[in-house]
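User: I'd like to go through this model and check why things get the labels they do. Can you take me through the reasoning?

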Amino acid sequence: MTEPEAEHMNVAPGEPHDSLLSESLSYVIGLGLALLLTAVSFWVASTSVLWGPGVATGLVVLAIAQMGVHLVFFLHITSGPDNTNNVLALAFGVLIVFLVMIGTIWIMSHMNANMAPTPEMTNLHLQRG
Amino acid sequence: MTNEAATIGLTHGASEDTGLGQRGPESKSIVVPYGFWLFVLSDMVLFSALFATYATLVHATDGGPTTNQLFDRNLVAVETIALLVSSFTCGLAMIAAKRANMTWAQVWLLVTGLLGAVFLFIELYEFAIMIGEGAGPQRSAFLSAFFTLVGCHGAHVTAGLLWIGTMMAQLWAKGFQPHIIRRLLCLSVFWHALDIIWVAIFTIVYLIGTLP
């Protein structure tokens, strides 16, 4: 009766200690990477060293990388078999997010280009008044 | 009848594990956070619509102030670091809660809440200055979209702060019971998700908006 209990007591403090270290390490690595990516984002946005037109794209890539860091190190979304449901739900969410954003931006920019008012159109109101 | 059901894969011998639900539903500690994860993802879909609206309207300033004139990168940097570190301390609170360490769980939750409050205070300060300059949500379509997007995130942070306070009280009163741990886990998922959305906001709205 006492033996399993003692065994249990032996395991309990040791096991959390090990995983405490690795678990804390996961958050520390995540924080470090996120801080690094944030710093790089702010540097990229303010430097004049880089090719101007590419900066916006680079910032989006950095943001997506940082979101990945948050997902892996803070939310513990991994590729392990116990995570399949979480990953599938995430994949579906990402699909919808990209459809909504890219679809809207694509369509609305084209409509905006086609519907941009000419100077005559904007003056029409004044001419009538 | 039994044979028929067996051929379409509804019944199995006791030793078989086909992954078709023979073992019954997962425990609540799995199902509840998973359901909350689905909510968080649908929340991100909501934000994607707000981002799309903002991207569409960002140049519709109606002769009013533009992104370059309004946004202050230094304030945003402080906001970003406050929210990022609060995400980190939220993780530390979860580590402490897992090991039933009341003191550290409460301390880290308090730090998380305080950093969230710092973030919210700076955001409201920024909003107040903008509205004072006549750049309120009614000024232009761009500003309407801006206040909707960033304000919606701020509203989420406010709800998160209330939730953190509630969880600190519940943890204190009820201890580390399974359902309290479950709620804490959901809270941490919510809080990390807010930080992920903020990454998109500070990049798309503030950094790209203030490019020279």
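Analyst: Sure, here are a helix, a nonpolar core and a chain contact in a predicted model.

User: How do you know that the length of H2(A) fits a helix at 1.5 Å a residue?

Analyst: H2(A) has 20 residues, so at that rise it should span 28 Å. Its end C-alpha atoms are 27 Å apart, which agrees.

User: What makes residues of H2(A) count as buried, and which ones are they?

Analyst: The cut-off is 20 or more other C-beta atoms within 10 Å of a residue's own. In H2(A), the buried residues include A:Leu59, A:Leu62, A:Gln66, A:His70 and A:Phe74.

User: And why say they line one face of the helix?

Analyst: Looking down the axis of H2(A), the buried residues fall within an arc of 155 degrees, so they line one face. Just past the end of H2(A), A:His76 has a positive phi of about 55 degrees.

User: What makes a set of residues a nonpolar core, and which members touch the most others in the largest one?

Analyst: Members are buried nonpolar residues joined through C-beta atoms within 7 Å. The largest core has 68 residues, and B:Ile197, B:Ile201 and B:Val205 touch the most other members. H7(B) gives the most to this core, 18 residues.

User: How many residues does each chain put into the contact?

Analyst: Chain B puts in 32 residues and chain A 34. On the chain B side, H2(B) supplies the largest share, 12 residues. That side has 22 nonpolar, eight polar and two charged residues.

Key: Residues numbered from 1 in each chain as written. Chains lettered and ligands numbered in written order. Predicted model: local features only at pLDDT ≥ 70, side-chain atom pairs only at ≥ 80, totals over all residues. Contact = placed C-beta atoms within 7 Å. Helix = DSSP H or I, 4+ residues; strand = E, 2+ residues; numbered from the N terminus. Nonpolar A, V, L, I, M, F, W, Y, C, P; charged D, E, K, R; others polar. Buried ≥ 20, exposed ≤ 12 C-beta atoms within 10 Å, placed from the backbone. Expected span 1.5 Å × (residues − 1). Arc of directions from axis to C-beta.
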